[in-house]
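Please examine the structure shown below. The report that follows describes a helix, a sheet and an interface in turn.

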Amino acid sequence: MRLWKSWILAKKDLAVMRKHRSLATAVFAFPLGLSIALPLLIEYIILRKSATVTDVSSLLGAFPFFFIIISALLPLYISSYGIVGEKTEKSLEPLLATPTSDGEILMGKYIGAFLPVLVSIYLGLTIFMFLTDLLTVSKIGHFFYPNWGMAIVYLLGAPFACIYGVSAGVFVSSKINNIQGAYQIGAVSLIPLYVLYILGEVGIISLSSNTNLLIISAGLFVAVIIMYMLSRATFNRESILTRWK
Amino acid sequence: MKMIEVANLTRKFGDFTAVDSLTFTLDRGEIFGLLGPNGAGKTTTVRMLCCLISKTSGSARIADLDTSDSDDAMKIRKMIGLVPDNVGLYETLSAYANLEFFGRMYEFPEKQLKENIEKYLKILDLWDKRDFPVGSFSKGMKQKVSLARALVHDPEVLFMDEPTVNLDPESSKTIRDVILDLRKENRTILLNTHNLDEAQRICNRIGVLKTRLIAVDTPENLAKLVSGRKTVILLEEMNDRILGVIRASNPKSVETEGNKIVLSMADPERETPEIITAIVSAGGKVKSVSETGASLEDIYLQLVKE
């Protein structure tokens, strides 16, 4: 595996993404918007309704899980775009004709989708932590973030969700010829994450529990491996040129 | 050393045979045209030779490297250029950025790459538009960028799949001229085309493909494969009596078009003087007598039909 070759492809994908404003906006606007909207929600709805410190802490602990979901959704869109875009522009054949292995091309696609999303998510999480601390320190009496739960989201949950999203996007894109379709079908594979969020909201499980966040991250890791194997099996020259739609 | 050696190359998709027992070789500096109808297996052949898809049986070697060996395949890809049937460019990126990206993917030295990008964009009259997104280009301009992409890394062997299809005459000519210049540089080219005139003009040899290779030869020798010689007699005036004496001479076929008669004969050297004498005896006045050979189109249609 020559990572420098993958990096050339990733840089090309990033350049293409920059040219598509809607794509670039989606990647950065959503996490950044969320990083501002969630603290404001805390400020206006919770603090002004005289919620208890326990209520606020519980809510704050659950919010980072939002970023895990977004970490999977956004790369799904970018990787779908990266593969379906190559398919519609018919650029896969000349790309495959270069002296580059299937694995190097796939890795390039992963890096090109993974990097901007992770940067955007980290930026969003940092702003979220800063604003939330600023708005809640007087109520709670200490800075709520950073904490171990956020560390798990930062180091495990978000990156794993991100890789899962890329893999799902690659896999689904091999079967579908339009970006929206690929994105929507890929998003269906994230249903377990939505279910977890709902279970957290109704109080069946605690999404602020470090143990639960670790279990969710471990589950994501297993899902990443399965989805990577599926996308790796799909992404080979022979299949792309003879079986892909 | 042969640059391309193909022996009994076969590719099946399930029960369907796309390419059947293909055998041919190409010398360095040769331009070989693959002619065939849609679905004849031309693109599948190019894809196998470019190590993009596997073969079912047989062998294919490029510069003595085996296309089915994964290590050799990587070396082959480095020394070949491909002009696919679809241009396959990144529409939002500029022509320059497209060529730069592919040149780097071909692991071509950066300094030479920049020189080659400039060289080919200038040859193809696109240098002034190098920073424009490819999406804003006409079909002909995109095809030129696609050709430049196949050349930026100085490949020894080029595979071109219908490089001038649907292009205007000027763009087609530019691309044909570049191909002819490449022959002078001793590059080996395999050209898939529907354009019989183009094949006749630029190819050293032509292979007629219809799943199997029906014929391989120079355009001139292929002409001898079919009985395409025709005698054209131009008369001052045509009438039924003249037509009657011509038919009475039993040529293989008679076609008339105004005062022009086109005859196909088994033995033109013996029969032509006899027919001219008969026409004159019937009161006809002969303005000219000429002979035409079979066109590549005649040859192609006859071979494919057979």
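How far apart are the end C-alpha atoms of helix H1 (residues 3-19) of chain A, and what span should its 17 residues have? The model is predicted: local features need pLDDT of at least 70, side-chain atom pairs count only at pLDDT 80 or more, and totals for chains, interfaces and linings use all residues. Residues are numbered from 1 along each chain as its sequence is written, chains are lettered from A in the order in which they are written, and side-chain values use heavy atoms, without hydrogens and water.

The end C-alpha atoms of H1(A) are 24 Å apart, which agrees with the expected 24 Å because each residue counts for 1.5 Å; the expected span is 1.5 Å times one less than the number of residues. Helices are DSSP runs of H or I of at least four residues, and strands are runs of E of at least two. Among the buried residues (under 20% relative accessible area, 1.4 Å probe, protein chains only) of H1(A) are Ile8(A), Leu9(A) and Leu14(A).

In chain B, six strands form an open sheet with mixed pairing, in the order S6-S7-S8-S3-S9-S10; two strands pair if DSSP finds at least two bridges between them. Its edge strands, each pairing on one side only, are listed here.

| Edge strand | Residues |
|---|---|
| S6(B) | 80-83 |
| S10(B) | 212-217 |

S6(B) runs parallel to strand S7 (residues 157-161) of chain B, and four bridges join them. Leu82(B) has Phe159(B) as its bridge partner in S7(B).

The area buried between chain B and chain A (accessible area lost on being put together, 1.4 Å probe, summed over both) is about 2600 Å². Carbon and sulfur atoms give 67% of that area.

Conventions:
Buried means under 20% relative accessible area, exposed over 50%, partly exposed in between (1.4 Å probe, protein chains only). Buried area is the accessible area (1.4 Å probe) that two parts lose on being put together, summed over both.
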